[in-house]
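Student: Could you take me through one part of this protein in close detail, and then show me how its surroundings fit around it? I would like to follow the aromatic side chains and see where they lead.

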Amino acid sequence: MARLAAEAGAGAFIQVSAIGASARSRSAYARSKGAGEAAVRGAFPKATIVRPSIVFGPDDEFFNRFAALARVSPVLPVFGHGLTNAGATRFQPVFAGDIAEAVCRILEDPAARGETYELGGPAVHTFREIMEMVAAYTGRKRFFVPVPFALALLQATFLQMLPNPLLTRDQVRLLEIDNVAADGAKGLADLGVAPTPVETVVPGYLARFRKAGAQAA
């Protein structure tokens with residue numbers, strides 16, 4: 001697509017990648033994102049790269065996945081460093097609507113050509129904090145169980161064989177690494193976009209999980 005855009009004389013090209021994209025990552029997902037960035041820049045040198053953190057919105061595959069798990073399971077996993085936040089993997093969830101607004105502003109700004117933006121929300125959360133949000137927004141009291149990464153990798157070896165796997169080994173590798181915007185990286189603020197907090201959007205679309213199992217709270 002980048003090659004065809006360049007041949008057609010397009011003035012701008014935006015590649016939506018992901019925070020953590022790197023050819024040296026242990027994760028195949030992150031390596032593929034890094035390869036995508038390199039290919040795009042090779043074909044369209046002035047392409048703009050957008051790297052979001054975990055994306056949230058009504059049809060996201062993160063909050064919805066764990067809300068569905070909370071509906072059927074009395075426990076929620078806390079991957080990595082157990083029940084404390086010390087040394088825990090950090091995330092900076094960003095609203096899908098803010099990413100769309102950022103893309104629109106990049107298209108309108110010639111100064112954004114060739115730049116890389118790392119897009120994160122207004123707050124950084126640990127995995128445990130996110131699980132606490134899921135439990136609260138779905139109206140369920142759940143136990144939080146620490147799952148060391150070594151055990152998570154073992155579990156994922158079998159879970160990834162399911163038709164719709166709850167967890168894969170590659171996802172575990174991603175969970176081992178902070179998913180936050182790098183210090184000094186350009187982000188939403190540089191594009192004039194005010195980041196949307198998780199608390200103003202996620203409770204609304206996770207309400208369906210509360211209603212579906214209100215008696216289980």
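Tutor: Let's begin with Phe79, which has a relative accessibility of 10% and therefore counts as buried, the cut-off being under 20%. Please keep in mind that this is a predicted model. Phe79 has a ring partner in Phe127: the ring centres are 5.3 Å apart and the planes stand at 70°, so this pair is edge-to-face. The two residues come from distant parts of the chain, with Phe79 in strand β4 and Phe127 in helix α5 (residues 127–137), 48 residues apart. Phe127 is also on the inside, because its relative accessibility of 3% makes it count as buried.

Now let's widen the view to the other rings. The whole structure contains 10 aromatic pairs. One of them joins Phe62 and Phe91, and this pair is tilted, with 6.1 Å from centre to centre and 45° between the planes. Phe62 sits in the loop between β3 (55–56) and α3, while Phe91 belongs to strand β5 (residues 90–91), so their pairing ties together parts that are 29 residues apart in sequence. Phe62 and Phe91 are both buried. Both pairs belong to a bigger picture: ring pairs link Phe56, Phe62, Phe63, Phe66, Phe79, Phe91, Phe95 and Phe127 into a cluster.

Two members of that cluster, Phe63 and Phe66, take us to helix α3. The buried residues there are Phe63, Asn64, Phe66, Ala67 and Ala70. Looking down the axis of α3, you would find these buried residues within an arc of 165°, so they line one face of the helix.

Phe62 also leads us to an open space. The largest pocket holds about 960 Å³. It is lined by 35 residues, and those closest to its centre are Glu61, Phe62, Arg65, Gln171 and Leu175. Which elements give two or more residues to this lining? They are α2 (28–43), α3 (63–72), β4 (75–79), α6 (149–159) and α7 (169–175). The most comes from α7, which gives 4 residues. Sorted by class, the lining has 23 nonpolar, 7 polar and 5 charged residues.

Let's visit some of those elements in turn, starting with α6. Phe149, Ala152, Leu153 and Ala156 are buried in this helix. Their arc around the axis is only 100°, which puts them on the same side of α6. Ala150 and Phe158, on the other side of α6, are exposed. What do the buried residues of α6 pack against? Their partners are β4, β9 (143–147) and α7. That brings β4, the strand that holds Phe79, back into the story.

From α6 we can step across to α7, where Asp170 is found. With a relative accessible area of 18%, Asp170 is under the 20% cut-off and so is buried. Its C-alpha lies 8.6 Å from that of Leu153, although the two residues are 17 apart in sequence. Leaving out residues up to four places away in sequence, Asp170 touches Arg26, Ser27, Ala28 and Tyr29.

Helix α2 is another contributor to the pocket lining, and two of its residues make a useful contrast. Glu37 is in α2 and is buried, with a relative accessible area of 9%. Beyond its neighbours within four places in sequence, Glu37 is in contact with Ser17, Ala21, Ile49 and Arg51. Ala43 lies in α2 as well, but at 26% relative accessibility it counts as partly exposed. With neighbours within four places again set aside, Ala43 is in contact with Ala2, Arg3 and Ala6. The C-alpha atoms of Ala43 and Met161 are separated by 37 Å, and these residues are 118 apart along the chain.

One last stop takes us back to α5 by way of another helix. Arg210 is in helix α8 (residues 202–212) and, at 39% relative accessibility, counts as partly exposed. Not counting residues up to four places away in sequence, Arg210 touches Ala136, Tyr137, Thr138, Gly139 and Arg140. Helix α5, where Phe127 sits, covers residues 127–137. As for α6, the C-alpha of Arg210 is separated by 31 Å from that of Leu154, which is 56 residues away along the chain.

Definitions and conventions
Residues are numbered from 1 along each chain as its sequence is written. This is a predicted model: local features need pLDDT of at least 70, side-chain atom pairs count only at pLDDT 80 or more; totals for chains, interfaces and linings use all residues. Side-chain values use heavy atoms; hydrogens and water are left out. On a 1 Å grid over the protein atoms alone, a cavity is a set of points where a 1.4 Å probe fits but cannot get out, and a pocket is an open set with protein on both sides within 12 Å along at least five of seven lines; lining residues have an atom within 4 Å of a point. Grid points are joined across faces, edges and corners, and a volume is the space filled by probe spheres set on the points. Ala, Val, Leu, Ile, Met, Phe, Trp, Tyr, Cys and Pro count as nonpolar, Asp, Glu, Lys and Arg as charged, and the others, Gly among them, as polar. Rings of Phe, Tyr and Trp (its six-membered ring) pair if their centres lie within 6.5 Å; planes under 30 degrees apart count as stacked, over 60 as edge-to-face and the rest as tilted. Buried means under 20% relative accessible area, exposed over 50%, partly exposed in between (1.4 Å probe, protein chains only). The arc is that of the directions from the helix axis to the C-beta atoms. Contact means heavy atoms within 4.5 Å.
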